[in-house]
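Got your viewer open and a selection box handy? Here's a walk through a handful of spots, one selection at a time.

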Amino acid sequence: MSGSMARPRTPHSAAEAPYLELLARGAPAEEYERPVLRARADGASAEELAALESGKLLALRVRGELEGRRRREAELSALFETAHDLAGLRDLDAVLHAIVQRARSLLGTEVAYLTLNDPAAGDTYMRVTDGSVSARFQQLRLGMGEGLGGLVAQTARPYVTDNYFDDERFQHTRSIDAGVKDEGLVAILGVPLVLGSGVIGVLFAADRRARVFEREQVALLASFAAHAAVAIDTANLLGETRSALAELEAANEIIRDRSGVIERASDVHDRLTELVLRGGGVEDVADAVAEVLDGTVEFTEAGAAPAQALDRSRADGHAVRHRDDWVAAVSAGGELLGALVLHGHPDLDPVDQRTLERAAMVTSLLLLARRSAGEAEQRVRGELLDDLLDAPDRDPRLLRERAARLDADLDTPHVVLSARVEASGTAPAGQETADRQRLWSAASHLAATRHGLAAARDGGTVLLLPLREGDGAAATARQTARQLGTAVHHPVTVGASAPVPEPVARAGSVAAAYAESRRCLEALRLLGRAGQGAAAEDFGFLGLLLADNRDVGAFVRRTIGAVTEYDERRGTDLLRTLEAYFACGMSPARTKDELHVHVNTVAQRLERIGRLLGPDWQAPARSLEVQLALRLHRLATAVDR
């Protein structure tokens, strides 16, 4: 007989087979009853049924062991993942959320949450929740010792309740009970978060139905609580470390800033010293400070600076902030000279403020030095003009040398101007003297800028200014009256002489021109034209009396020159018509008889004369000048013949 015989199956091996298949596919516990029920239905023997019962119990025991191992593996895996999260802790909120979520998942509860103590408020608050649906519950704050959490915190031990509302071991409060009821919680397990010797919070797992928490579940939640405590401690240490690093960085930044500020202060000190030594001006100081402070700095007159800020700076002796600007008063000996204004730099370091204040002090010194030099130059210019007026026999060569040192050329045409300020009659005592001083100062400044001379004389001021190309004496007088009036804030009357070709070449020419300018000045005031400027040519026939050279031809040309030139060009007889018109008492009818022409012809000629002389030629004062010019023209023509 070949081959081998099959080994007979025993009842126990036949009974184990279906359970092995159930174990292999992880079937639920209720399916383990089916093999027994199937065998009983098939009429199996008592021995076979007993074997199946024994196999079932053995399989269920093995299944329980396998489930326990899988559960422990999941718990260990969750703990390892939590430890990994802690090792790479970046976001405390994320780690705590992960701990609460894993605790809820592994314990199979409907809700998990974590509370932390708030030492400042003296209570505890809800830090993280998972599975919660009640806003009131999520915003709960628990007083120390209240609720299940208070019992856990007081004893530093885990506590579990199968039914929260029936448990009298802990203190119930209306707010906590309302929150728990709103969330619908029944069974709650709480374990402490222990850090050192104190409890810093509580980790909870809860269900909305009655439930018994096993010892292994309590231990697992305690492990998660320990991890949470470590995470919080680590986060606190990291926070403290970051704060310390931030403070160190801030301190280093302050040190760097202070070092930079000190370097800037030293730099501006060196620059200002150099500016003073090489004779720099106020603008140079402003530019140097602007570069150092990285802003825009300008010097302004006292009237142009913000009044309140300027007064505070002057009183305190420090720079003061005005909106987005800083203002430092420039003063000396109680006199306010102006202000240095730093624009668009609202946040100014105290050291930089002192830099601006130091620049203001240097500016005041430069202004005083400039004023002293200017006053000295004004005196020198005044002394030279006094010599031209009072000592005409001085050596012209010496006068030229003195003028050259003042950048004045006395060999070119000049005009002499007499100026007087017109103060109001109600001015207080001493005001007239102050007005004269301001007039002299303004005239001296004008003379210096025009390369001329100025001096105080006869209760007013006299100027000797070069004539600009295209300007006459009258235009210069009007312009000077405007400029001086603006400077002293009062009307200023200015009389001008005829041009002096070479003031230094002809002895006494400047003195004679000064006398003429004085006559023009007085004529303006007598004619009610105070505050204006004029020369003799502006006064018509009166100019013949005021002028020093009595230029009759110039008067005739100014008055009727347009008519004589028209007759010469066109061959007309307007001048004869004009003489006849005045001889006939300004009557057109009598004039036409005198000229033996039609009255319309007379009217046309008079209309043409009006266009040439201007619309006011028949006014009394103007007609007097025209008649005088006609007589002088006739005399001159007769002499020439």
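## Stop one: a helix and what follows

Select Ala156: this residue comes right after helix H6 (residues 147-155) and has a positive phi near 60°. Helices here are DSSP runs of H or I with at least four residues, strands are E runs of at least two, and both are numbered from the N terminus. Before moving on, note that this is a predicted model, where local features need pLDDT of at least 70, side-chain atom pairs count only at pLDDT 80 or more, and totals for chains, interfaces and linings use all residues. Residues are numbered from 1 along each chain as its sequence is written, and side-chain values use heavy atoms, with hydrogens and water left out.

Now colour the buried residues of H6: Gly147, Leu148, Gly149, Gly150, Leu151 and Val152. Buried means under 20% relative accessible area, exposed means over 50%, and partly exposed is in between (1.4 Å probe, protein chains only). Show strand S4 (159-161), helix H7 (174-183), strand S5 (187-195) and S6 too, as the buried part of H6 packs against them. Contact here means heavy atoms within 4.5 Å.

## Stop two: aromatic rings

Which residues join Tyr113 in one aromatic cluster? Select Phe137 and Phe204 to see the full group. Rings of Phe, Tyr and Trp (its six-membered ring) pair if their centres lie within 6.5 Å; planes under 30 degrees apart count as stacked, over 60 as edge-to-face and the rest as tilted. The whole structure has 7 aromatic pairs. Zoom in on Tyr113 and Phe204: their ring centres are 4.5 Å apart and their planes sit at 15°, so this pair is stacked. Tyr113 belongs to strand S1 (residues 111-118) and Phe204 to strand S6 (residues 198-207), so the pair links parts of the chain 91 residues apart. Tyr113 is buried at 5% relative accessible area, and Phe204 is buried at 3%.

## Stop three: helix H14

Next, select helix H14 (residues 473-488). Its end C-alpha atoms are 22 Å apart, which agrees with the 22 Å expected for 16 residues at 1.5 Å a residue; the expected span is 1.5 Å times one less than the number of residues. Its buried residues include Ala473, Thr476, Leu484 and Val488. Among the elements covering them are strand S11 (414-421) and helix H13 (431-449). Just past the helix, His489 has a positive phi of about 60°.

## Stop four: crossing helices

Jump to His596, in the loop between H19 and H20. Is His596 buried or exposed? It is exposed, with a relative accessible area of 72%. His596 also has a positive phi of about 60°, although it is not a glycine.

Now show both neighbours: the axes of helix H19 (residues 588-595) and helix H20 (residues 599-613) come within 8 Å and cross at roughly 105°. That makes H19 roughly perpendicular to H20, a label for angles of 65 to 115 degrees (under 35 is roughly parallel, over 145 roughly antiparallel, the rest oblique). Axes are lines fitted to C-alpha atoms, for helices over the stretch in contact, with angles from 0 to 180 degrees between N-to-C directions. For the contact, pick Pro588, Thr591, Lys592 and Leu595 in H19, then Val599, Val602 and Arg605 in H20.

Last, add helix H18 (residues 574-583), whose axis comes within 10 Å of that of H20, crossing at roughly 100°.
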